[in-house]
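The following paragraphs lead through one molecular structure, beginning with its disulfide chemistry. Please keep the sequence and the coordinates in view while reading.

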Amino acid sequence: MSGEKDDEDDDDDGKPSRKKSSGAQDDQFMNLTKKLIEVRNILMSIDHEEGLKLPSIVVIGSQSSGKSSVLEAIVGHEFLPKGSNMVTRRPIELTLIHTPKSREEYGEFPQLGLGKIHDFSHIQQTLRDLNLAVPESECVSNKPIELRIYSANVPDLTLIDLPGYIQVNNKNQPGTLKDKIVELCEQYIKEPNIILAVCAADVDLANSEALKAGRKVDPLGLRTLGVITKMDLVEPEIGAAILRNSDYPLHLGYIGVVCKPPASIKNKKNITSALIRHEDQFFRSNYVYSQRGIQVGIGTLRKKLMEVLEEGMAKSLFSIVGTVQKELEETRYQFKVQYNDRRITAESYVAETIDSIKQNFKNFAHSFGKPQVRHEVRSMLEQKVMDLCAELYWTDNKIVDLPKVSVDELYWRYKLDMSSAALTKSGIGRTSTQLVVGVLMANMEKIALLEPLNNHPDTSSKLLSLSNEILRNKFHTTSDQVENCVKPYKHEVECSEQEWTDGVKRTISLLEKELESCNRALQNIKDTVGKKKLRAAIKYVIDAEREAKRVQAQTRDSGESTVVDNGNETSTIIQAQSVVVSDIIEDNDHSRLHFNSKVIEKALEAIFLRDRSMILKYRLAALKSRQCKSSENKQYCPEAFLNMVAEKLAYTAVMFIQVELLNEFFFQFPREVDNLLVYGMNKNQILSFAKENPKIRKHLELQEKKRKLEEVMEKLNYISRDANGWLGSAN
């Protein structure tokens, strides 16, 4: 409703009226605008330069000026978040798409992938959540929220709603909030965007923050349209004076609105028509609003916004074609140089990743079979054998007499049985299974660090968890099976001559390696401390130990006493505290010791290595003697007997570990990879997965940019032809 008379329907000569001709041209122009909005939406999704921008309508105004009511009146639904605690904290880039052939009304958030949302209260709640996700300490973010609304009741428009200007910030808001809002608004109201300055009728325009901001970037008001809200709160004469555009003139003028639908239609699906009728009644009831030059009503505003956006886009059309063409040529060149025009898809990358994971796993599975498992388990058991020998034999002072004792000597027979039992009852099932599981998981971690899994930490973590889950499920079954199968060896171990001979050979090799290791460690101590200093420190330690034993013996002889309690005699030995080596090490009186604690520690270590080397040489000689050629003399060669037992245990354990654990793991893991990467991801997740790889992400983004620019260029060429045709018919 503008107060202006309509053009006549027909000319005198019967030709179609100017109004009908203009309407047809408007329809053509609206179609062009719709297509340009599609182009703008595509360009918004491209990482492009500043020149690739089509104009939008930027809505600015103070808090409580009625910005939200204006936008909701245009859309016909309540969909913007409401509240007193500054609920608009991010720009909302709102695209309205007119769908005349559909009765469906819905919204979409392209960034979120939520699909069609028909419930506008759900849209409102989503916008509220996205805005309130910005913490109060910041209050404002320049990261926009994209929202598209499809309806037959909306015009084709692109609008950007910004946080409202404030005068004073509350105690929970940062002191810089006012400046942040001003900076954010200035960023959006630059050219070529159109400024929609929303002001309340009951507030003096001289105090309008929106008009001040608009005038700063658009001094002549050429691209600023004023919207005066709450027209029902002022006298008609005052409202009409504001709308005459005389005090603060704008090239696009002012439009007055009420934006207050009657209570009776609040619950209707779309309120636009009812709101326009309600406003029309209000403005028609006051003749002053029917005067020429005064524009009022949400219907008038919708038409005006369409016209302004059409004109703005028409002006930008021909300049942007060249810019897009230049950007497209550069993108094509980069795609050719970097990737030789090779196209990829996220799906193909996922398929290649699956093949790579399976191939790496297959290579590992082939390299870790029964021989490798046997080697791991045998090495573990051989170390147990060495520990048992060191504990039960090599520290026994009677070991030097072992080759000379009688075959029927019970002491050594009992010790051999005890050491064999200690080996077979040491939990072979659990330790061997745990060892193999550890090796498997260590190799799975290595696979997770290889290309391409090293680019996907979350997927690597899931695959490791799946591996651990498979192995954990089989762990107890496997360890129990192994434990049950080695039970016979806890009671009796049969040994053939060949097994004995092989055991002796392996034992000699083990002891030679141990001897070499001891000699190397001893030489390292000599090189570190110095031979003379080490020799003196060893002599000092030996003398100190002798003195400690002497003092201990004297104290024991003189300190014995007998305590009688209630007729029961208990012999109590009172021993004097002996001078032990640990006391020597901890003593800080270096002038008395002549050596510091570190040298004493090295001396003690050297004594241990020297003694161990001597016993190893002695035992090697025994193992190589004729006495150890036969298994009948096993009590004389405990190292060889225990090694032979360890070999039998390893063979039995590996047999069941292979069947119960390895085969199951090698079978299940590739299928879990398929479940995770093939069947467990939708299209968006596949794309996100591919983009986790920086190289693939760069390739996909450049490829997608090229595709979108080609699509934009095709649309622009089509639009340009239509625009030229429209301009020709208009002329």
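Why is the disulfide of C628 and C637 left-handed? The torsion about its S-S bond is about -100°, and the disulfide of C628 and C637 is therefore left-handed. The model is a predicted one, and in it the sulfur atoms of C628 and C637 lie 1.7 Å apart. A pair of cysteine sulfur atoms within 2.5 Å is taken as a disulfide, and by this rule the count comes to one. Both partners, C628 and C637, are buried.

Other cysteines can be considered for their accessibility. C389 has a relative accessibility of 1% and therefore counts as buried. C518 is likewise buried, at a relative accessible area of 5%.

C518 also leads to helix α14, where it is one of the buried residues. This helix covers residues 497-529, 33 residues in number. From its first C-alpha to its last, α14 reaches 48 Å, close to the 48 Å expected at 1.5 Å a residue. Its buried residues include W500, G503, V504 and T507, and further along L515, L522, I525 and V529. After α14 comes G530, which has a positive phi near 105°.

Confidence remains to be considered. The chain has a mean pLDDT of 84, with 87% of its residues at 70 or more. Over residues 1-22, however, pLDDT stays under 50, and the model has 32 contacts beyond four places in sequence for them. Residues 561-593 also stay under 50 in pLDDT, with 39 such contacts in the model. Where pLDDT is low, the predicted coordinates should not be read in detail.

Note on methods:
Residues are numbered from 1 along each chain as its sequence is written. This is a predicted model: local features need pLDDT of at least 70, side-chain atom pairs count only at pLDDT 80 or more; totals for chains, interfaces and linings use all residues. Side-chain values use heavy atoms; hydrogens and water are left out. pLDDT is the predictor's confidence in each residue, from 0 to 100. Contact means heavy atoms within 4.5 Å. Buried means under 20% relative accessible area, exposed over 50%, partly exposed in between (1.4 Å probe, protein chains only). Helices (H or I, at least four residues) and strands (E, at least two) are DSSP runs, numbered from the N terminus. The expected span of a helix is 1.5 Å times one less than its number of residues.
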